[in-house]
Amino acid sequence: MVFVLRLNHRIFRDKRISTHCALVARAFGAEKVFYSGERDKKLEESVKKTANKWGGGFGIEYVRNWKSFVEGFPGKKIHLTMYGIPLPEKIREIRKEKNILVIVGGEKVPSEVYKLSDWNVSITLQPHSEVAALAVFLHEYFQGKEFRKKFKNAKVSVVPQERGKKVLDLGE
Ligand code: SAM
């Protein structure tokens, strides 16, 4: 099972980016996103609404104390950071782990995160975004299985088209 922790959410500044972290986590095969920082009911509602419509039972949960959450996580912790070891050097080792917590930061990442993580890995050594880092990590971890992922109890489903849009309404 793959879980994601998004650190230090700020309601005003991170509304879209935290939503995108959650949507990427869901679409690419994670079970649930946890987030710390400011509690944001609207973020939770919007992620739940997407999960309800598009299926799969994805969850979102607020974590008040990220440190004790990370310390108590029953699996390996992988922190995505531009300062870490390049992912290609570690991914085979990480893939052996079936219960993982992928940690992505916000504006400022506390130094304890580096110490508490089993791996600090980089997705290029350049600054970019938690959304991009998460997507590339999950793609590498699942080796492309996300392209074939089915979402149970979906109310809608896309039928791929060369052109245009086709969405099946699967009912309640
Ligand atoms: N300077 C910030 C810091 O304290 O790490 C970077 C913040 S960045 C906008 C937000 C998050 O995106 C980071 O905490 C990290 O999780 C992710 N990120 C950005 N670039 C990355 C990279 N090259 N490799 C892995 N993760 C990255």
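These legends accompany close-up views of a predicted model.

**View 1. Six strands build an open sheet.**
The strand order is β3-β2-β1-β5-β4-β6. Pairing throughout this sheet is parallel. Strands β3 (59–62) and β6 (119–122) form the edges. Each of these two edge strands pairs on one side only. From one strand to the next, the twist averages 30°. Strands of a sheet pair through backbone hydrogen bonds, in parallel or antiparallel fashion.

**View 2. Strand β1 pairs with strand β2.**
β1 covers residues 2–9, and β2 covers residues 32–37. The two strands run parallel. They are joined by 5 bridges. Phenylalanine 3 has lysine 32 of β2 standing opposite. In the sheet order, β1 sits between β2 and β5.

**View 3. Helices α1 and α2 lie across strands of the sheet.**
Helix α1 spans residues 11–27. It lies across β1, β2 and β5 (100–104). Its direction makes an angle of about 175° with β1. Helix α2 is formed by residues 41–54. This helix lies across β1, β2 and β3. Relative to β3, helix α2 runs at about 170°. Both β1 and β2 are therefore crossed by α1 and by α2, taking contact as heavy atoms within 4.5 Å.

**View 4. A shell of 18 residues surrounds the ligand.**
The closest residues are Leu80, Gly105, Ile123, Thr124 and Gln126. By class, the shell holds 7 nonpolar, 8 polar and 3 charged residues. Three elements each supply at least two shell residues: β4 (76–86), β6 and α6 (130–142). Strand β4 gives the most, with 3 residues. Of the contributing strands, β6 is an edge strand of the sheet. β4 and β6 are next to each other in the strand order.

**View 5. Nitrogen atoms of the ligand approach polar protein atoms.**
A polar backbone atom of threonine 124 is 3.0 Å from a ligand nitrogen. For glutamine 126, a backbone N or O atom lies 2.6 Å from a nitrogen atom of the ligand. Histidine 128 takes part through its side chain: an N or O atom there is 3.1 Å from a ligand nitrogen. On its own, the ligand has 560 Å² of accessible area. The protein covers 82% of that area. Thr124 and Gln126 are also among the residues closest to the ligand.

Terms used:
Residues numbered from 1 in each chain as written. Predicted model: local features only at pLDDT ≥ 70, side-chain atom pairs only at ≥ 80, totals over all residues. Heavy atoms only, no water. Pairing = 2+ DSSP bridges. Helix = DSSP H or I, 4+ residues; strand = E, 2+ residues; numbered from the N terminus. Axes fitted to C-alpha atoms, helices over the stretch in contact; angles between N-to-C directions. Near = heavy atom within 4 Å. Polar contact = N/O pair within 3.5 Å; in protein donor to acceptor, adjacent residues only side chain to side chain. Areas by Shrake-Rupley, 256 points an atom, 1.4 Å probe, with all protein chains shown as cover. Nonpolar A, V, L, I, M, F, W, Y, C, P; charged D, E, K, R; others polar.
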